[in-house]
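Grab a viewer and something to scribble on. The exercises below are meant to be tried first and read second.

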Amino acid sequence: DMFEAGTATSSSVLEAAMAELMRSPHLMTKLQAEVRKKTPKGQEMVREEDLAGMPYLRAVVKETLRLHPPAPLLVPHQSMADCDVDGYTIPSGTRVIINVWAISRDPRSWENPEEFVPERFVDGGAAADLDFKGNDFQFTPFGAGRRMCPGINFGLATINIMLANLVYCFDWKLPAGVEKEDIDMT
């Protein structure tokens with residue numbers, strides 16, 4: 001069911017975001033500062049209406065989706081007509097699987113593709129104008145076109161509000177004796 005799929009993928013993205021932020025305490029500090037500054041004083045939790053003023057939060061979520069797409073291989077599609085792609089002929093009726101994980105780590109599209117750098121998605125960053133609505137094919141964590149993920153809005157809303165509240169309400173760091181190299185992001 002769609003709700004279950006959306007919940008499972010949201011939690012995996014949230015887990016990856018928290019792991020990346022704890023591996024880079026300066027990024028965690030930067031995100032916490034934004035969330036805490038933009039959340040009205042005295043509020044126990046971040047509310048959905050507070051998120052609009054948090055561009056760095058959105059950049060962290062985009063960078064997490066780039067490095068750790070919840071569905072590394074998109075749902076298979078079938079070609080409807082013969083077509084040529086990069087010198088390869090794809091006959092009509094061919095089952096096609098898109099490897100989003102590899103595309104979003106392609107050095108021809110991304111500078112330092114293996115590094116977690118949310119700044120690439122903020123104003124002035126190399127990927128500031130990219131969205132994940134399927135218009136920019138180097139960044140399609142939700143797929144593209146008519147068959148893109150129907151849960152995109154639910155998933156993004158869930159991830160943004162949960163991540164904002166995790167960093168707003170708590171201070172996070174790696175356990176004593178654990179180094180960032182000890183966390184296996186595979």
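What follows is a set of exercises on this predicted model, each with a worked solution.

**Exercise 1. The two sides of H2**

Work out whether helix H2 (residues 25-38) has the length expected of it, and which of its residues are buried.

*Solution.*
- Step 1: start with the length. H2 has 14 residues, and at 1.5 Å a residue they should span 20 Å. The end C-alpha atoms of H2 are 20 Å apart, so the expected and actual spans agree.
- Step 2: pick out the buried residues of H2, which are Leu27, Met28, Leu31, Gln32, Glu34 and Val35. They cover an arc of only 165 degrees around the axis, so they sit on the same side of H2.
- Step 3: recall the geometry of an α-helix: there are 3.6 residues a turn, so residues three or four places apart point the same way.
- Step 4: turn to the other side of H2, where Pro25, His26, Thr29 and Lys37 are exposed.

**Exercise 2. H3 and its surroundings**

How many of the 13 residues of H3 are buried?

*Solution.*
- Step 1: check the span again. From its first C-alpha to its last, H3 reaches 18 Å, close to the 18 Å expected for its 13 residues.
- Step 2: go through the buried residues, which are Tyr56, Leu57, Ala59, Val60, Val61, Lys62, Glu63, Thr64, Leu65, Arg66 and Leu67.
- Step 3: put that together. Eleven of the 13 residues are buried, so H3 is largely enclosed by the rest of the structure.

**Exercise 3. The nonpolar core**

Find out which helix gives the most to the largest nonpolar core, and which residues have the most contacts inside that core.

*Solution.*
- Step 1: the largest nonpolar core has 34 residues, and Leu21, Leu31, Val35 and Leu163 are those with the most contacts inside it.
- Step 2: sort the core by helix. Helix H1 (2-23), H2, helix H3 (55-67) and H5 each supply at least two residues, and H3 gives the most, with seven.
- Step 3: zoom in on leucine 21. Beyond its neighbours within four places in sequence, leucine 21 touches Leu27, Met28, Leu31, Val60, Phe116 and Leu163.
- Step 4: compare a charged residue. Glutamate 20 lies in helix H1, and its relative accessibility is 5%, so glutamate 20 counts as buried. Its contacts, again leaving aside neighbours within four places, are Leu67, His68, Phe116 and Met185.

**Exercise 4. Two residues of H5**

Which residues are in contact with valine 167, and which with tyrosine 168?

*Solution.*
- Step 1: place the pair. Valine 167 lies in helix H5, and tyrosine 168 does too.
- Step 2: look at accessibility. Valine 167 is at 0% relative accessibility and counts as buried. Tyrosine 168 has a relative accessible area of 16%, and since the cut-off for buried is under 20%, tyrosine 168 is buried.
- Step 3: list contacts, skipping neighbours within four places in sequence. Valine 167 meets Met28, Leu31, Gln32, Val35, Arg36 and Trp172. Tyrosine 168 meets Val35, Arg36, Thr39, Pro40, Gln43, Glu44, Met45 and Val46.
- Step 4: add a polar detail. A polar atom of the tyrosine 168 side chain lies 2.7 Å from the backbone oxygen of glutamine 43.
- Step 5: finish with sequence against space. Valine 167 and methionine 18 are 149 residues apart in sequence, yet their C-alpha atoms are 9.0 Å apart. For tyrosine 168 and alanine 33, 135 residues apart along the chain, the C-alpha separation is 8.7 Å.

**Exercise 5. Positive phi**

Where does aspartate 86 lie, and where is asparagine 112 found?

*Solution.*
- Step 1: start from the general expectation: most residues other than glycine have a negative phi.
- Step 2: aspartate 86 has a positive phi of about 50 degrees although it is not a glycine. Asparagine 112 also has a positive value, near 45 degrees.
- Step 3: locate them. Aspartate 86 sits in the loop between strand S2 (83-85) and strand S3 (88-90). Asparagine 112 is in the loop between helix H4 (100-103) and helix H5 (152-169).
- Step 4: check accessibility. Aspartate 86 is exposed, with a relative accessible area of 76%, while asparagine 112 counts as partly exposed at 39%.

Notes: Residues are numbered from 1 along each chain as its sequence is written. This is a predicted model: local features need pLDDT of at least 70, side-chain atom pairs count only at pLDDT 80 or more; totals for chains, interfaces and linings use all residues. Side-chain values use heavy atoms; hydrogens and water are left out. Helices (H or I, at least four residues) and strands (E, at least two) are DSSP runs, numbered from the N terminus. Buried means under 20% relative accessible area, exposed over 50%, partly exposed in between (1.4 Å probe, protein chains only). The expected span of a helix is 1.5 Å times one less than its number of residues. The arc is that of the directions from the helix axis to the C-beta atoms. A nonpolar core is a set of buried Ala, Val, Leu, Ile, Met, Phe, Trp, Tyr and Cys residues joined through side-chain atoms within 4.5 Å. Contact means heavy atoms within 4.5 Å. A polar contact is a pair of N or O atoms within 3.5 Å; within protein, one must be able to donate a hydrogen and the other to accept it, and residues adjacent in sequence count only if both atoms are side-chain atoms.
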